[in-house]
Amino acid sequence: MSMAAPSESSNAGLGLQQRRPHALGERFISILLMTAAALSVVTTFAIVLSLAGDTVAFFREVSVIEYLTGTLWTPLFSNPRFGIWPLITATFMTSAIAMLVAVPFGLAIAVYLSEFASLRARSLIKPLLEVLAGIPTVVYGYFALTAVTPFLRGFIPEIKSFNSLSAGLVMGVMIIPIVASLTEDAFNAVPRGLREGAYGLGAMRHEVALRVVFPAALSGVAAALLLALSRAVGETMIVALAAGQNPTFTLDPLVPVSTMTAYIVQVSLGDTPYGSIGYKTIFAVGATLFIITFAINFGSTLIVRRFRERYD
Amino acid sequence: MPVLINVTQKERETEPISEEMGVVDRANVVLETQRLSVFYGNFKAIHDVNLSFQKNKITALIGPSGCGKSTLLRALNRMNELVPSARAEGAVLYRGHNLYAPNVDPVEVRRRIGMVFQKPNPFPKSIYENIAFGLRINGWKGSKAEMDDIVERSLRRAALWDEVKDKLKQLGTSLSGGQQQRLCIARAIAVEPEVILMDEPCSALDPIATLKIEELMIELVKQYTIIIVTHNMQQAARVSDYTAMMMMRPDRSGEVIEFDTTETIFTKPKDKRTEDYVSGRFG
């Protein structure tokens, strides 16, 4: 074999030639995977499209101004009003109460699991959280309605049978596992070296957790909280069962309200005729909900991207 | 290099049974290990290590990969305890006090015996806050001006002040690798430890940054006692006063096979394995 004139077969000895006809199989797998990925994108667009059609139809009949500024929501009455605010305040209130429960507990659990817990304690608590995450939301809903509300009545006699307090509290318990596990992932992503650096200076566990790990994981924590929030905003069963279906423009957590999701359920289950204005409202509300959760998720992506590389 | 034997110390009960007898000046020993063994679960990582570390000297721990150099170093300030399955047997005496005694707080130990790591690990905080961190967590109470003073002094001692004095508010992580490592050294000396442990502090740095750190070590050892783990033979020869050579035993635990002045280790070692290793025949 001459160096100056490498022949076609000069690499034969190195085993560089193709040994099996793998090109076809590789192509097939790649196409299969791409189809799966494309499917989720297509689904998203299909949802947007299906929402858009009837939403546009809705706004042909109802003014956008009334929809966005009105505080009365009575689309099925003989004198219908289409102000979205009662649904938004209800959604906001139940979500806020849920976050008030889930954020402190979820963060505390995450800090404990990642910085304090022994392997034994971890192996006990992690499966328990998974059980909590696996409970169907309808069970949570009836739990709120039939156990938590009567319990709360012991302290707050004026509380109504349907109220956002009870629904919010139970929804908070439901999203604790989401906050805890996503935040713990963020803590675990903080390099070991940072912890060692702090321990090497004589830091105690809680100082390492709160002054080094937590700030370093802040972007991940913020993203986790926003994802949990969008889960709370979109949650349906618990609020439909326990918070009521009574669109009231209020921030009183003790009276029946109707969240956006609860309203959609209510109309979908009723006998609202296809194509009527009542039917179209659920698309307008659905689109509003979609935009809100999309904005929250988008915000969490931005936060992660902006701060991701800080400790590398 | 003065080589003294302190005869009166020979009768002490706590006297190490070690290869280093007659090599170190017993009156100036800051830290010593006695039959120190470290285990990870059932695995013994280092076996019966007896070593003495001299005040204001640099002691290098050398040896092939996996021989337990880092484990030994981390046992000296009880950093090993952060690994859940780790435990130690024997003793580490710091000025005569056993650091592994039940009433000793590992947090106090690590404050007096600081550490610089293989990969520079500044906190994602400002340069200023990186230095201030150690003081703040140790309950430091003083004015802003005093803190400014300590930050400047620490950065000066770490030969970093001139490069960062105009950007103390910038993130420590925005510096170059070599600067980050000097920031970590400044952070360690800000809390005024007596001993600084360095775990391959230059292995992630380029030759010029490495040289800077080495010069810094030679400067720092006037005030501190330094123990360094290194894979770099030239580095051990250039900077250290004493060298401990470690090897893996057949049961895979590490032991010290020879300890002497660096000059002796590199010019006329007693053990054939040391000679082979420092002359680059293996490892």
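What follows is a chat about the domains of chain A and the contact between chain A and chain B in a predicted model.

Colleague: Which domains does the assignment give for chain A?

Modeller: The domain assignment splits out domain 1, covering 23-61, and domain 2, covering 85-307, both in chain A. Taken over C-alpha atoms, the centres of domain 1 and domain 2 of chain A are 28 Å apart.

Colleague: And how many residues does each domain put into the contact?

Modeller: Domain 1 of chain A contributes eight residues, and domain 2 of chain A contributes nine residues.

Colleague: What area is buried there, and what share do carbon and sulfur atoms give?

Modeller: About 830 Å² is buried between domain 1 and domain 2 of chain A, with carbon and sulfur atoms giving 78% of that area. On the side of domain 1 of chain A, A:Leu51, A:Asp54 and A:Phe58 together supply 57% of the area this domain buries against domain 2, which is more than any other three residues.

Colleague: How many salt bridges are there between the two domains of chain A?

Modeller: The count between domain 1 and domain 2 of chain A is one salt bridge. The side chains of A:Lys280 and A:Glu61 meet in a salt bridge, at 2.7 Å from N to O. Between these two domains of chain A there are also two residue pairs in polar contact, and the residues on the domain 1 side that touches domain 2 divide into four nonpolar, two polar and two charged.

Colleague: Switching to the two chains, what is the area buried between chain A and chain B?

Modeller: The area buried between chain A and chain B is about 1,900 Å², of which 63% comes from carbon and sulfur atoms. In this contact, 20 residues come from chain A and 26 residues from chain B.

Colleague: Which side chains meet in a salt bridge there?

Modeller: The side chains of A:Glu196 and B:Arg74 do, with 2.9 Å from N to O, and the count between chain A and chain B is one salt bridge. Across the interface of chain A and chain B, four residue pairs are found in polar contact.

Colleague: Which element gives the most to the side of chain A that touches chain B?

Modeller: Helix H7 of chain A gives the most to that side, with eight residues. The elements giving two or more residues to the side of chain A that touches chain B are helix H7 (192-200) and helix H8 (205-216) of chain A.

Colleague: And how do the residues on that side of chain A divide into nonpolar, polar and charged?

Modeller: The side of chain A that touches chain B has ten nonpolar, four polar and six charged residues.

Notes: Residues numbered from 1 in each chain as written. Chains lettered and ligands numbered in written order. Predicted model: local features only at pLDDT ≥ 70, side-chain atom pairs only at ≥ 80, totals over all residues. Heavy atoms only, no water. Domains from an automatic or database assignment. Contact = heavy atoms within 4.5 Å. Buried area = accessible area lost by both parts, 1.4 Å probe. Salt bridge = Lys/Arg side-chain N within 4 Å of Asp/Glu carboxyl O. Polar contact = N/O pair within 3.5 Å; in protein donor to acceptor, adjacent residues only side chain to side chain. Nonpolar A, V, L, I, M, F, W, Y, C, P; charged D, E, K, R; others polar. Helix = DSSP H or I, 4+ residues; strand = E, 2+ residues; numbered from the N terminus.
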